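Please look at the sequence and the three-dimensional structure shown below. The paragraphs that follow lead through them step by step, beginning with a single loop and ending with the whole chain.

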Amino acid sequence: MNKKYYADITLDFDEMKYSISCEVGTKKQELVDLVKQFATEKKLVCDTKSKKFFKEGKEVGRFEIASKTF
């Protein structure tokens with residue numbers, strides 16, 4: 001059985017919902033790195049422990065990481 005990780009991202013200032021998914025067999029850390037990259041592209045700070053995004057010290061979003069087993 002293979003595990004596939006995905007992240008659902010919600011930004012308070014954006015009506016659009018974002019999701020990042022990985023290939024089957026990808027490690028969870030690789031997905032966390034993709035979430036960090038997403039934050040950098042949006043000019044946000046990503047706190048992986050609290051699973052929140054910040055801009056200028058204010059919380060502006062959050063993300064959830066889950067997995068499916070195939």
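**A walk through the fold**

K43 lies in the loop between α1 (28–41) and β3. The model examined here is a predicted one. K43 has a positive phi of about 60 degrees, although K43 is not a glycine. Is this residue buried or exposed? K43 is exposed, because its relative accessible area is 66% and a residue counts as exposed when that value is over 50%.

L44 is found in the loop between α1 and β3 as well. Here the relative accessible area is 8%, and L44 is therefore buried, since the limit for a buried residue is under 20%. Which residues does L44 touch, when those up to four places away in sequence are not counted? They are L11, F13, A39, F53, F54, K55 and V60. L44 can also be placed by distance: L44 and E59 are separated by 15 residues in sequence and by 9.6 Å in space, from C-alpha to C-alpha.

The path now continues from the loop into the strands. Strand β3 covers residues 45–47, strand β4 covers residues 52–55, and the two run antiparallel, joined by 3 bridges. One pair to look for is C46 and its bridge partner in β4, F53. The hairpin of β3 and β4 has 4 residues between the strands. In this hairpin, K51 takes a positive phi near 60 degrees.

β4 is also joined to strand β5, which comprises residues 58–69. How many bridges join β4 to β5? There are 4, and these two strands run antiparallel. Two pairs may be traced between them: K55 has K58 as its bridge partner in β5, and F53 stands opposite G61 in β5. F53 is thus a residue to follow from one strand to the next, because pairing rests on bridges between strands: F53 is the partner of C46 and stands opposite G61.

β4 and β5 form a hairpin with 2 residues between them. E56 lies in the loop between these strands. E56 has a positive phi of about 55 degrees without being a glycine. With a relative accessible area of 76%, E56 is exposed, because this value passes the limit of over 50%.

On β5, the reader may next locate V60, which lies in this strand. Why is V60 called buried? Its relative accessible area is 12%, and the term applies to values under 20%. Leaving out residues up to four places away in sequence, V60 touches T10, L11, D12, F13, L44, F53, F54 and K55. L44, described above, is thus among the residues that V60 touches, because the two have heavy atoms within 4.5 Å. By contrast with these contacts, V60 and K4 are 27 Å apart in space, C-alpha to C-alpha, and 56 residues apart in sequence.

β5 has a further partner, strand β1, which spans residues 3–11. These two strands run antiparallel, and 9 bridges join them. Within this pairing, I9 stands opposite F63 in β5.

The separate parts can now be set into the whole. The secondary structure of the protein comes to 1 helix and 5 strands. What is the order of these elements from the N terminus on? They run β-β-α-β-β-β. Of the contacts in the protein with a separation of 6 or more, 44% are accounted for by residues 24 or more positions apart.

The overall dimensions come next. Along its principal axes, the C-alpha trace spans about 40 × 20 × 20 Å. For 70 residues, a compact globule would have a radius of gyration near 11 Å; the protein has 12 Å, and the value therefore agrees with that expectation.

Finally, the surface deserves attention. Of the 70 residues, 29% count as buried; L44 and V60 are both described as buried. The protein exposes about 5,100 Å², of which carbon and sulfur atoms supply 48%. The protein has 15 positive and 12 negative charges, and the mean positions of the two groups are 4 Å apart.

Notes:
Residues numbered from 1 in each chain as written. Predicted model: local features only at pLDDT ≥ 70, side-chain atom pairs only at ≥ 80, totals over all residues. Heavy atoms only, no water. Buried < 20%, exposed > 50% of the residue type's maximum accessible area, 1.4 Å probe, protein only. Rg over C-alpha atoms; globule rule 2.2 N^0.38 Å. Areas by Shrake-Rupley, 256 points an atom, 1.4 Å probe, with all protein chains shown as cover. Lys, Arg positive; Asp, Glu negative; His and termini not counted. Charge placed at Lys NZ, Arg CZ, Asp CG, Glu CD.
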